[in-house]
Amino acid sequence: MTKYIVRRLFQAVIALFMLSVLLFIWLRSLPGGPVSALLGERSTAADREALERALGLDQPIFVQYWRFLTRALSGDFGTSTFVAPGQDALQVFLARLPATIELSLFALLIAVTLAIPLGYVAARRRGRPLDTGAVMFSLVGVAVPVFFLAFVLRDVFAVNLGWLPASGRSTVGINSTDVTGLFVLDGLLTREWDAAWDALRHLILPALALASIPFAVIFRITRASVLDVLDEDYVRTARAKGLTSQVIRGRHILRNALIPVVTTVGLQIGALLAGAVLTERVFSIRGIGDALARGFEQRDYPVLQVLIMMAALIYIIVNLLVDIAYAVIDPRVRAK
């Protein structure tokens, strides 16, 4: 197991390095730049040259990348030029991270809680109305864009019906004591129930929108995996031995069917981070998705670099944990 983990860690480091190179070159190949965004169209050539020197953009790109890499390894990703002018880019990421984590975790909780049981039940009732309806519902979840669903949910349940808040993470004046930055959890930990309930109400609509695609994907993988396992010889043998349905379900069906589901859940973390960019903009949530969109608008290189690199790091760590869990469930993986 140790050799397997070391090999996966080495692959993760290589992947991060390659991403940093591609990201650095790609950002600087985009039209416009921080100089144009900061000075505007009426700036003089002298002003532009002075700002380029101040930002280090007058150096060859490989020199710029080397400076970025050496500083990044010590935790210095530069200073934000637009999203939070003058602030350390890493601090901008850390300040925005709790909002995105809270939204993504809540969306993942909704997706997993609904999709796995429904996928299992749909497979056991293959071809019946429940199965047909669930499959059609999952198709809708995959087909409808996240941002469109977010607009619909906001307009129907927040703007027209007024059942839930339309934006933000909490109501002005109803804030819990900051412990983790996750408003719902902070409210529960400090027993400030009104603040926890208020934060939860703000989470429901964006989390439902963000959970739509992970729900559909996890449901379909669970259903297909359970259908495959149901036809296996060892399940028929277990039934022939007279084992109880609880033992067959827990020991032989779910344990084997959940292996691909675990991998799928890990991969959906990346989809949640990508979907959060649009969802946070629709519901005016100040998370890393919102900062990423604002950073692209004004070419805030330091913020974009730290947000994308850290998001990739989180994604790689999650998938590393998934791979380890996968290897624990199925020892054959370690031998491959």
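This is a walk through the structure above, from the whole chain down to single residues. The model is predicted.

Let us start with the overall picture. The chain holds 14 helices and 0 strands, so if you read the elements from the N terminus on, you meet α again and again: α-α-α-α-α-α-α-α-α-α-α-α-α-α. Along its principal axes, the C-alpha trace spans about 85 × 55 × 40 Å. Of the 336 residues in the chain, 42% are buried. A look at the contacts tells you how the chain meets itself: among those between residues at least 6 apart in sequence, 71% join residues at least 24 apart.

Now find helix α1, which covers residues 2-29. A simple check can be made on this helix. At 1.5 Å a residue, its 28 residues should span 40 Å, and the C-alpha atoms at its ends are 41 Å apart, which agrees. Several residues of α1 are buried, and you can pick them out along the helix: Y4, R8, A12, L16, S20, L23, F24 and L27.

What does α1 pack against? Helix α4, residues 61-73, is one partner to look at, since the axes of α1 and α4 come within 11 Å and cross at roughly 130°. That angle makes α1 oblique to α4, and the crossing of the two helices is right-handed. On the α1 side, the residues that meet α4 are F17, S20, V21, F24, I25 and R28. On the α4 side, they are I61, Q64, Y65, F68 and L69. Sorted by class, this contact has 8 nonpolar, 2 polar and 1 charged residues. Two of the names are already familiar, for S20 and F24 are in the list of buried residues of α1 and also take part in the contact with α4.

Next, move along the chain to helix α9, residues 193-230, which packs with helix α7, residues 146-160. The angle between α7 and α9 is about 150°, with their axes 9 Å apart. That makes α7 roughly antiparallel to α9, and α7 passes α9 in a right-handed crossing. From α7, the contact is made by V146, L149, A150, L153, R154, F157 and A158. From α9, it is made by L205, L208, A209, L210, S212 and I213. These residues divide into 11 nonpolar, 1 polar and 1 charged.

Helix α9 has another partner in helix α5, residues 89-124. Here the axes come within 5 Å and cross at roughly 35°. The crossing of α5 and α9 is right-handed. The residues of this contact divide into 28 nonpolar, 3 polar and 3 charged.

Stay with α5 for a moment and look for L108, which has its place in this helix. Is L108 buried or exposed? Its relative accessible area is 13%, which is under the 20% cut-off, so L108 counts as buried. Leaving aside neighbours within four places in sequence, L108 is in contact with V265, I269 and L272. V303 is another residue to compare in position: L108 and V303 are 195 residues apart in sequence and 26 Å apart in space, C-alpha to C-alpha.

Helix α11, residues 245-282, is where you will find T263. With a relative accessible area of 25%, T263 is partly exposed. Not counting residues up to four places away in sequence, T263 touches V322 and Y326. The C-alpha atoms of T263 and A224 are separated by 14 Å, and these two residues are 39 apart along the chain.

Finally, turn to the loops, where two residues have a positive phi without being glycine. R191, in the loop between α8 (183-189) and α9, has a phi near 60°. At 64% relative accessibility, R191 counts as exposed. S284, in the loop between α11 and α12 (288-298), has a positive phi of about 50°. S284 is partly exposed, with a relative accessible area of 47%.

How values were computed:
Residues numbered from 1 in each chain as written. Predicted model: local features only at pLDDT ≥ 70, side-chain atom pairs only at ≥ 80, totals over all residues. Heavy atoms only, no water. Helix = DSSP H or I, 4+ residues; strand = E, 2+ residues; numbered from the N terminus. Expected span 1.5 Å × (residues − 1). Buried < 20%, exposed > 50% of the residue type's maximum accessible area, 1.4 Å probe, protein only. Axes fitted to C-alpha atoms, helices over the stretch in contact; angles between N-to-C directions. Parallel < 35°, antiparallel > 145°, perpendicular 65-115°, else oblique. Left-handed = near helix turned anticlockwise from the far one by under 90°. Contact = heavy atoms within 4.5 Å. Nonpolar A, V, L, I, M, F, W, Y, C, P; charged D, E, K, R; others polar.
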